[in-house]
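Biologist: I'd like to learn how to read salt bridges in a model. Could you walk me through them?

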Amino acid sequence: MTQALRKSAIAGLTALLLFSSLAIAPAAVAYDPAYAVPTGLKSTGQTDTTVSLSWDKSVNLPRYRVQVYTKPDMSDAVYYRFTDSAVVIPNLVKSTEYKFRVRGISADGLVSLTAYSAAVTATTAAAPVSTAPTYAVPTGLKSTAQTDTTVSLSWDKSANVPRYRVQVYTKADMSDAVYYRFTESSVVIPNLVKGTQYKFRVRGISADGLVSLTAYSAAITASTAAAPAYTVPTGLKSTAQTDTTVSLSWDKSANLPRYRVQVYTKADMSDAVYYRFTETAVVIPNLVKGTQYKFRVRGISADGLVSLTAYSAAVTATTAAAPAAAYTVPTGLQATATGPDSIAVSWNPVANAPGYRVQVYSRSDMSDSIYKRFTEVSGTMSGLSPNTAYFARVRVIGPAGENLTAYSPAVTFTTPSVSPTTPTAPTTPTGFTGTSTHRTVDLSWNPVPNAPGYRLAVATKADMSDASWHRYYGINTAEIRGLNALTAYYFQVRVIDEAGTSLSAYTPVLSLATKAEPPAQPALSNPLTVASYNVMCANCVAESDSNTNALPWSERRSAVVENIKSRMPDIIGVQEASQGWLNEPGQTGGLSQFEDLQQRLNNAGANYAISNNKRNNCIDSTTPTNCVYADQGASQGTRIFYNAATVELVKTGSKALPLASVPENPRFFAWAIAKQKSTGKLFFFGDTHLSTSKADGFYELRKQQAETIVSVIKQENSAGLPVLMTGDLNSSKWQKPSNAPYDVFTNFGLVDPLGNDYWEDFPSMAATAEKRINAHLDSWNGFATLAPGVGDKSANGSYIDYILTSKMRVSQWETVANIDSAGNFAGIIPSDHNMLVATVGLP
C-alpha cells in the first residue's frame with residue numbers, strides 16, 4: 001500500500017469511528033421551550049418531620065413534581081406532586097439533611113415538561129418545634145376476666161391519645177402477634193384458643209391508626225380458661241308444622257352458648273341452609289309447603305365461628321299443604337254516588353283481611369270494569385260516567401293482589417247528570433299515534449291545554465276489558481315495555497287530574513302490533529367474559545346479627561371461589577376484598593383478603609393475577625403501621641383480577657375518589673388497560689366501590705365520585721379503547737331524586753346491558769343483553785333466604801352493582817345465584833351481593 005493510500009485509509013477509519021461514536025451517544029432530552037424550569041426554590045421552614053418549600057411560579061406549568069433524597073446517587077428518592085408553589089414535605093426523619101429539586105409536569109402527572117431545578121438543602125429539626133400534645137405510654141394494663149375464647153383487658157386512659165393498639169402474642173419472638181385497635185380503654189380480645197397463655201401490650205396510636213404515638217406498655221400475661229365440657233344436643237324433635245314453618249325443640253346442653261340448626265332435603269345435604277339460635281325452642285321459617293325436611297342441631301360458640309360439638313341425629317318433619325281459605329266474603333257493601341263521576345263505598349270488615357278489591361262496572365259483560373284496592377273498609381272511586389247505572393262488588397285480596405275470596409253480591413247505584421255549573425271538561429287528546437318494536441311500544445299524542453295529566457289504558461283485547469292503566473304527568477309520550485312479540489295491543493288515553501279523576505273521555509282505540517323477535521345473532525367467535533363481584537369484606541358484619549345465613553369469610557370463601565370458578569371470567573372487578581390481614585390461625589400478618597381469594601382460586605386450578613397487589617399506599621406497602629406515604633397504586637378492597645391465560649395486562653393505575661367530611665373508608669377507582677390474548681384487542685377496564693351512606697350529602701358525593709371516574713377514563717383512555725366499567729355504585733333505579741352515578745356514566749356514553757333505567761321494571765330498548773339469566777333478581781341479596789327480586793323473569797331486579805360497556809355486543813348476562821325451584825338460596829350464600837357476569841364481543 002502506498003503512503004498516500006495508507007493516509008487515506010487511516011483518515012477514513014478515523015471518520016468512521018468518529019461517526020460511530022456520535023451515533024451511539026445518548027440523545028439529550030428535549031423539553032418544550034414554552035415551559036421554563038422553576039426558579040427560586042428555597043426552604044421556608046423546618047420541623048422535626050417536615051420541610052416547607054417555595055419557588056417562583058412558572059408560566060404555563062399546570063403542576064410540579066418535587067424530588068426528595070439524602071443519598072448522592074438519589075437511590076432513596078421519593079416524589080411529591082403539587083399544583084401550588086408553596087408546599088410542605090411530610091413524613092421526614094428528624095435531624096436529617098435532605099436535598100430537594102422541583103420540575104414542571106403535566107396536569108395528569110405523566111409527562112415531565114421541564115428539567116429539574118438546581119437542588120437546595122435543608123435539615124429537619126432535632127426535636128418537635130411545635131406545641132403538639134405529648135403522649136404518655138398507657139399504664140395500668142391488667143386482665144379483668146377470662147373465658148375459654150376471650151380475655152378482657154383494661155388500662156388507664158392516656159391524655160391526648162385518641163386510639164390504642166393492643167398486641168397479643170404467645171411466642172417470645174412475637175412472630176405470632178396479632179393486633180386490635182380500640183378507642184376505649186376497657187376491651188375484650190376475642191377468638192383466642194382455650195387453655196392458652198397469652199401476653200398483651202398496649203400503645204397509643206393516631207385516630208386513623210397509621211401512626212404510633214407511644215411505645216408499648218410493659219406486657220402482662222393472662223390465660224384463657226380450659227374449655228368447658230360440651231355434649232351433643234339431645235332430644236331434638238318437631239313440635240309443630242305449618243305450610244311454611246317447622247317448630248323444633250331440644251334439651252338444653254350445659255355450657256353451650258349457642259346452637260346451629262342444619263336444614264336440608266337432599267341426602268348429600270347439598271341444599272343445606274343454616275340457622276343460629278340461643279334458645280332451644282325455635283321456628284324454622286321460609287320452607288316450602290308439603291315438603292319433607294331433615295333437621296340436625298349442634299353447639300357453637302357465642303360468636304358463631306367455632307363448632308363446639310358434632311351434630312345431633314337428624315329428625316324428619318313435613319310442612320303442611322297450603323292452608324285452607326281463612327277469609328269470608330265481605331258483607332254489607334254500600335255504594336253511593338257523590339258526583340257525576342265518583343262514588344263512596346263501604347262494607348263490613350272481614351277478620352284479618354290483608355286488603356280488598358272493589359269492582360265497578362255498567363256493562364253486563366263487565367268490559368268497562370274499574371278496579372281499586374283498599375286496606376280500609378271504606379273509600380272513594382272516580383272515573384265514572386254521569387247519568388249511568390253501575391254495579392259494585394267487593395272481595396278480599398292478599399298483599400300481592402291475589403284473590404282470597406269470591407266477590408260479594410253486587411249492589412247498584414246511578415251517577416247523577418252533570419250539573420250546568422260543572423266546568424267544561426278538557427278535550428279528549430288528539431293525534432294519538434305510536435310505533436312498535438318486538439317488546440316495546442312508543443306512544444305520543446298532542447298535548448291538551450292545561451291538562452294536569454293523562455291516563456293511558458293498555459289492553460290485549462279490542463274491547464279493552466283486560467286493560468291496565470298508567471299515569472303520566474308533564475309529558476305527552478309513553479314507552480310501554482315488557483310486551484310479547486307478534487302480539488296485537490290496544491291503547492286509549494284520556495286527561496286526568498292530580499288525584500287521577502277523569503277529566504275527558506278516552507280517545508278512540510289505537511291498535512298496534514309488536515314486531516317479531518330479531519333473528520338470533522351468530523355466536524361470538526372470541527367472547528370476553530367480564531364480572532363484577534362485591535365479596536363482602538372479611539371484617540364487615542351483616543345488616544342483622546340474627547341473620548344466620550351471614551357466615552364469616554372463613555366459612556363462605558369456598559363458595560365465593562366456587563362461584564368464580566364455575567364461570568371463570570376473563571376479568572373481574574372485585575369490591576370489598578380487604579387489604580387488611582386475616583385474623584385466623586396461620587394467616588395473621590400473612591395474607592390479606594384479596595391475596596387469600598387469589599391464592600384459593602389458583603389452588604383450585606384457576607390462573608388469576610391481580611392488576612396491583614400492593615396493600616397500602618406506604619413506602620412499606622405491606623402494613624399501614626408507621627406509614628410513610630408513597631403512591632403505590634393501592635386501592636383498598638377495590639381490585640381487578642384477570643385470567644392470565646386469556647388476558648394480558650398492559651397498564652394499570654388507581655385514583656382516590658372524593659370523600660365526605662364525616663369519617664368513612666377511602667374510595668378508589670382501579671383501572672387497567674388490558675389485551676385479549678385471542679384477538680390482540682386492547683380494552684379499558686374500570687372497577688369502583690362508591691360511598692355507601694344514604695345520609696344527606698352522599699347523593700351529591702356519589703355523583704362527584706362518578707364524575708371523577710369519567711375524568712380519569714377520558715384522561716387514561718385517550719386512544720378511545722372499548723370501555724368495560726364494573727362496580728358497586730350504592731345507587732339504584734329507585735334512588736331519589738335520581739340514580740346519579742348511573743346517569744353520569746350513561747350520559748358519558750356507557751350502556752347498561754339490562755336497560756335498567758329509572759323507575760322502570762322492564763328493559764328499555766337501549767338494553768343490549770341478548771340472553772338474560774336471573775336478571776330479575778336484585779344484585780344485593782342481604783343474605784336473605786328467599787333471593788330478592790321481582791316475580792316476572794322478563795323484568796329487571798333492583799341493582800346497585802353494575803357492568804356498563806361502551807358500544808359492543810353483549811351476548812349474555814347472568815346474575816349468578818344458586819336458587820331452588822321456590823326461589824330460595826341453596827347451600828351457603830357466598831356474599832351479600834350476587835356476582836354479575838356479562839359475555840361481550842370487543843369491537
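**Reading the salt bridges**

Modeller: Let's begin with one partner: Glu716 has a relative accessibility of 12% and counts as buried, where buried means under 20% relative accessible area, exposed over 50%, and partly exposed in between (1.4 Å probe, protein chains only). This is a predicted model, in which local features need pLDDT of at least 70, side-chain atom pairs count only at pLDDT 80 or more, and totals for chains, interfaces and linings use all residues. Residues are numbered from 1 along each chain as its sequence is written, and side-chain values use heavy atoms, with hydrogens and water left out.

Biologist: What is a salt bridge, and which residue does Glu716 meet in one?

Modeller: Side chains of opposite charge can pair when their charged atoms come close. The criterion is a side-chain nitrogen of Lys or Arg within 4 Å of a carboxyl oxygen of Asp or Glu. Here Glu716 meets Lys651 (3.5 Å, N to O). This pair links distant parts of the chain, 65 residues apart: Glu716 lies in helix H4 (residues 698-716) and Lys651 in strand E40 (residues 647-656). Helices (H or I, at least four residues) and strands (E, at least two) are DSSP runs, numbered from the N terminus. Lys651 is partly exposed, at 35%.

Biologist: How far apart in helix H3 are Arg600 and Asp596?

Modeller: They are 4 residues apart in helix H3 (residues 593-603), so about one helical turn separates them. Their closest N and O atoms are 2.8 Å apart in a salt bridge. Asp596 is buried at 0%, whereas Arg600 is partly exposed at 30%.

Biologist: Which residues are linked in a network of salt bridges?

Modeller: Glu479, Arg481 and Asp757.
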